[in-house]
Each structure stands twice: as C-alpha cells, then as structure tokens.
Amino acid sequence: MKIDDKTITCIACPNGCEITVSFDENGNISNISGNKCKNGIAYAQSEVTAPTRILTSSVLVENGDFPLVSVKTASPIPKELMREAVKQLAKCVVKAPVHVGDVVCGNILNTGVDVVSTANVGTK
Amino acid sequence: MENTITQQYIDKDLVIIGGGPAGLAAAAAAKENGIDDIVILERDKYAGGVLRQCIHDGFGLKIFGERLTGPEYAARYEEKIRELNIELKLNSFVLNVTPDKIVQALSPEGMLFYRAKAVILAMGCRERTRASIMLPGTRPAGVYTAGLVQRLINIDGYVPGKEAVILGSGDIGLIMARRLTLEGVNVKAVYELMSYSSGLKRNIVQCLDDYNIPLYLNHTVIEIHGRNRIEGVTVAKVDEKKQPIPGTEEFVKCDLLVLSVGLIPENELSKSAGAALNKVTGGLFVDDNMSTNKEGIFACGNVVHVHDLVDYVTLESVNAGKCAAEYIKNGSANGDIINVVPENGVRYVVPNTVHRDSQKDSVNFMFRTGNVYRDAKIAVYDGDRLIKSIKKKILTPGEMETVKLTADEIKSVKGEIHIGVEA
Ligand SMILES: Cc1cc2nc3c(=O)[nH]c(=O)nc-3n(C[C@H](O)[C@H](O)[C@H](O)COP(=O)(O)OP(=O)(O)OC[C@H]3O[C@@H](n4cnc5c(N)ncnc54)[C@H](O)[C@@H]3O)c2cc1C
Ligand code: SF4
C-alpha cells in the first residue's frame, strides 16, 4: 500500500523549513523536498523513521557556587526516551568544579550518548 | 541628585551597561578596535544575561556554525572577555546615566561614579507582567512570568507547580511548556489571544507537538480563581476584536499560570540619559552606527529591539563596539543623514537613520511586520523609486526580517528609505 506524503517542519535551524517526504510502493523514501539545505534531508530521514532530539536539562551540583549545572546530550537521543532520561538525570549529582563539556552521566539509558555539562560552575 | 560626599570620578574610555551577550560582544569588539580602558557593569552575580537560564539549544548557528545551548554561547563570550583582559564588574547595579555620560553604579565597593568618553547601553529587556495585560480575577500565588519560571527551574532548581496553564505562545512560553513537562508537571494547554503564535515554528514542533500539548489560538484567560494559591482559570474563545465570546467559557484546573505575553526593552536608564525611544516598540532610536541621538551614547541588543536569535544580537553589538571605538578615537560621524521609515504593515525598522557616506560595505535593516502575510514582498523605496524587492513565502510578527542595502544603494537615495510589505 502506498503511504501518503508526510509534511514535517525541520527543527535543525531557525528557518523551520516545511519539508515534504514522499514514499514509494515499498514504503521507502522516494523524494524529499522543501528543505533549504542538506541538513534538512538528514533531519527528514530520521524524523520519518526514528525521530531523535537533543535533550537539555540540569543536574544538581555539590559544593558549587550555583546549585545546578545545565547539561545536554552530546548528540540527539530517541525522542521517546526524553522523559526517562530526565528521570535518570534527577538522580545524578556532580561535584564542583564543573567545566563546559565535562561528562556528567556517561552512556545515558544505554543509548551510547553521553550527557555533558553546558556551563562552568565553580566551587563555593 | 543629592550627594554629601565629594564625588570621586573614575575616568573610563568606555562604560558598558549590562553583561549579557550584547554587552560582552560590544566590549570585545571595542577592545579589538583599539580601546583598552573599558568596564562592563552587570547587576547579576554572573555574566551572560538571559542566556544563562536558556539551557535549551539552538543558539550560535550563525556565529559559531554549531548548535549551542544558551550557557555554552555565554561561556564562549565570557572566555573571550577574560582573554582580552576586559574588566567585568558583577553585582554592580547601574542607577543612573546622565546625558554627559556620568554613570552611577551601586557595587560591592559602594557607590561608584564613572565619567565615560562613550557609553554603550546593553540592558536587555524585561517581561510583560499580569498588570501590563490587565488580567482580571483574584491575586493568588502561582501566577508567574515565563522567564521567571525558567530562572526558578534552571538556575535555582525549584519547580513552582504540578498542573500548569500557559498564556501566550511566545518562544519562552513554548520552551517552558516542554521544560515543565519534562520536569513532571502536567502542562494542560497553551492559550494564545492572537490567530497566530508569536513563537518560532520549530518551537511549536519540538516543544508542543512532541509532547501532545494543545495550542488554542484565539483564546485567552478571562479569570483567575483561588484565594491564596491559584486553583484554576476560566478561558474563553475571542472574536476578531479580541473580545471573549459568551458561551465559550471553560474552567481549567491548575496550580500554576505561566504568562508568556511579550518582552519590553529595559529603557529606564536610557530615559535618564535623554536618549530618544521608539513609541511603537519601547526600544531606542539608533543610527547605522548603533548610536542613539545622544552623542557618544550607543546601544545594542534587546534594549534596541527584541531579538529572537542571539546571533543577531552579537552581530549588532560588534557593530556598536566598533563604532563606539571609532567615536572615542575620532569623534562623531558627520555627514548627510537619511531617515528610514516603516510603512505598509512593517511595524518598525532598526536602524532609524543611516549616514549617506556610511563607511560600511552594506547596512542590514531589521524589522518586524504587524501581521501575518503569505506570498508577499518586502519592498524598499526611495520616494517612488523601487530600490529592492524581496519575495517572502511568509512574514509573521514572531520572526524578525532583514534586508541588506549596499553602500552604493544607500548613496543613491535622494529622499527617505521606506520599507513596507506589498502583495
Ligand atoms: C526564553 C528565551 C529563549 C530564547 N531562545 C533563543 C534561542 O533558542 N536561540 C537564540 O539564538 N536566542 C534565543 N533567545 C534570545 C537571546 O537570548 C536574547 O536575544 C539575548 O540574550 C539578548 O541579549 P542582551 O544582551 O541584549 O540582553 P540580556 O541577555 O537580557 O542581557 C542584559 C544584561 O543587562 C543587565 N542589566 C540590566 N539592567 C542593568 C542595570 N541597570 N545595571 C547593570 N546591569 C543591568 C542584566 O542583568 C543582563 O545581564 C531567547 C531568549 C529568551 C528570553
Ligand atoms: S532544511 Fe536546512 S535551512 Fe531549512 S530548517 Fe532545516 S537546517 Fe534549516
């Protein structure tokens, strides 16, 4: 059975292009259009097969000059794992000082993706 | 101002008010253009301004070619300020700026008076509150602006409710809808008075659609319920005149109402400095050098007009820093001045004037429309003569637009530059 075209909004940059993805009889992608740049193609492919997102959150800091440090997944993780990952991070505590890029939680939920710090936090 | 102690002035080439992305980028640019004697005054205990609480990603694509989070973007500029050895004074609240560039600040060392050759205003903006949109009902706890909720959750680590309703679909509201959801709060819906969202499309997708949070356009909160703590709100659909339609009222239970109803430039100090403001936006009037109408007082960032993207704040602020350096070294830019006038659906344009003999290769004109337009053109005129016309699939008030005019195009203008929307 032929799948209908899917229209999605690319979130890879603020342009927010509307991208149309068409499929052939076997359900494979036959055409991608509407993207202003090649990043849109990669985004559209992943969005119609296995959508992923960067997760940003924050984690408790022990002995820091701020109570929290902001963090992100170093690369996108499966969209359906977002809530679970936040729960996991809620259990995590790091010791000050923390630097941008420090791994705060390695291989979160076995995705192979590290959660890294996005801010500098000094000691109290 | 009454003052019993004799004032000790600290002389500075350049005093920058605000250590957000605008102030930091302007300082770095001034230093790189030969000015050494600079101080940045920041009231908070950290630099980076609002970026520090914007922990989501989507910053820096234009400047760094990478998708950074707000704190990462801020950290890069803080690093730059350190490397360039620029003085950054934290916990220093500027109370007054005079037209002759005396800057008064309350700092941990007490009251300081700076006497500056040039000043850059970079105070950013503040959020519109419940009072500024005149929300009726009781005054219980649990009604917050979106930026405050963002700061509470992301910086202080405190989640202020369990069931939330969001009023207004600006970017901060959308981003907080996702953040609250991920923090375990039940976000019931986002209500928007207008027939369109003022937020970026990508934020509607990744913050609302991803989490099945409904967005109701043409809706508003007409009453807040609860004595001490908010217990719920009454929402209703509105007609074209934005009046609630009888019979569409609905009670929604919640213990948190988040207001994302817009930002206004923070211009109390600009007024004391005597700088002229734009009545439409509350932002400062500036020329192509980011100079206000007061000689030697420059401005950049959200204090001039509210930006969606920090990258444009940085670009504008680099220009301000360069031009302030030029002013300190060589005095005011002279020469013929051309007015820039918004018309036909364009609400405002920055800059408001340009020098005919601008030393730049080109000047970017930034503006927003007052309404949504599809398949329209942005037209730039000099009197009846069309200078430029650009096709646009969509123009919305939520997204800032830019047109670039080259030095030659500007030189050729005989009257004023008019920028408007055409079918
Ligand atoms: C919620 C939210 C989400 C955003 N999302 C994005 C995004 O995804 N991508 C993107 O590129 N951009 C985003 N932006 C936009 C970007 O963050 C802003 O445009 C930018 O931070 C504005 O910089 P600024 O320096 O003008 O103002 P601010 O960052 O507000 O800095 C102003 C500074 O001045 C200080 N100040 C004010 N008054 C005084 C005084 N009297 N004395 C001393 N100091 C003073 C303040 O404390 C503050 O530090 C977002 C903004 C918000 C609020
Ligand atoms: S397709 Fe390219 S230009 Fe369009 S939104 Fe995606 S990344 Fe941006």
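Author: A residue is near a molecule if one of its heavy atoms lies within 4 Å of it. The model discussed here is predicted.

Reader: Which residues surround ligand 2, and how many of them are charged?

Author: The shell consists of Cys10(A), Ala12(A), Cys13(A), Asn15(A), Gly16(A), Cys17(A), Asn35(A), Lys36(A), Cys37(A), Asn39(A) and Gly40(A). By class, five of these residues are nonpolar and five are polar. That leaves the charged class, with a count of one.

Reader: What is the area buried between chain A and chain B?

Author: The size of an interface is often given as the accessible area lost when the parts come together. Here 27 residues of chain A are in contact with 29 residues of chain B. Carbon and sulfur atoms give 57% of the buried area, whose total is about 2,500 Å².

Reader: Which three residues supply more than any other three of the area that chain A buries against chain B?

Author: The share of the top three is 24% of what chain A buries against chain B. The residues are Ile11(A), Pro14(A) and Phe66(A).

Reader: How many salt bridges are there between chain A and chain B, and how far apart are the closest N and O atoms of Lys201(B) and Glu18(A)?

Author: The count between the two chains is four salt bridges. The cut-off is 4 Å from a side-chain nitrogen of Lys or Arg to a carboxyl oxygen of Asp or Glu. Lys201(B) and Glu18(A) form a salt bridge, with their closest N and O atoms at 3.1 Å.

Reader: Which elements give two or more residues to the side of chain A that touches chain B?

Author: That side divides into 14 nonpolar, seven polar and six charged residues. The elements of chain A that give two or more residues to it are β5 (56–62), β6 (68–73) and α2 (82–90).

Note on methods:
Residues numbered from 1 in each chain as written. Chains lettered and ligands numbered in written order. Predicted model: local features only at pLDDT ≥ 70, side-chain atom pairs only at ≥ 80, totals over all residues. Heavy atoms only, no water. Contact = heavy atoms within 4.5 Å. Buried area = accessible area lost by both parts, 1.4 Å probe. Helix = DSSP H or I, 4+ residues; strand = E, 2+ residues; numbered from the N terminus. Nonpolar A, V, L, I, M, F, W, Y, C, P; charged D, E, K, R; others polar.
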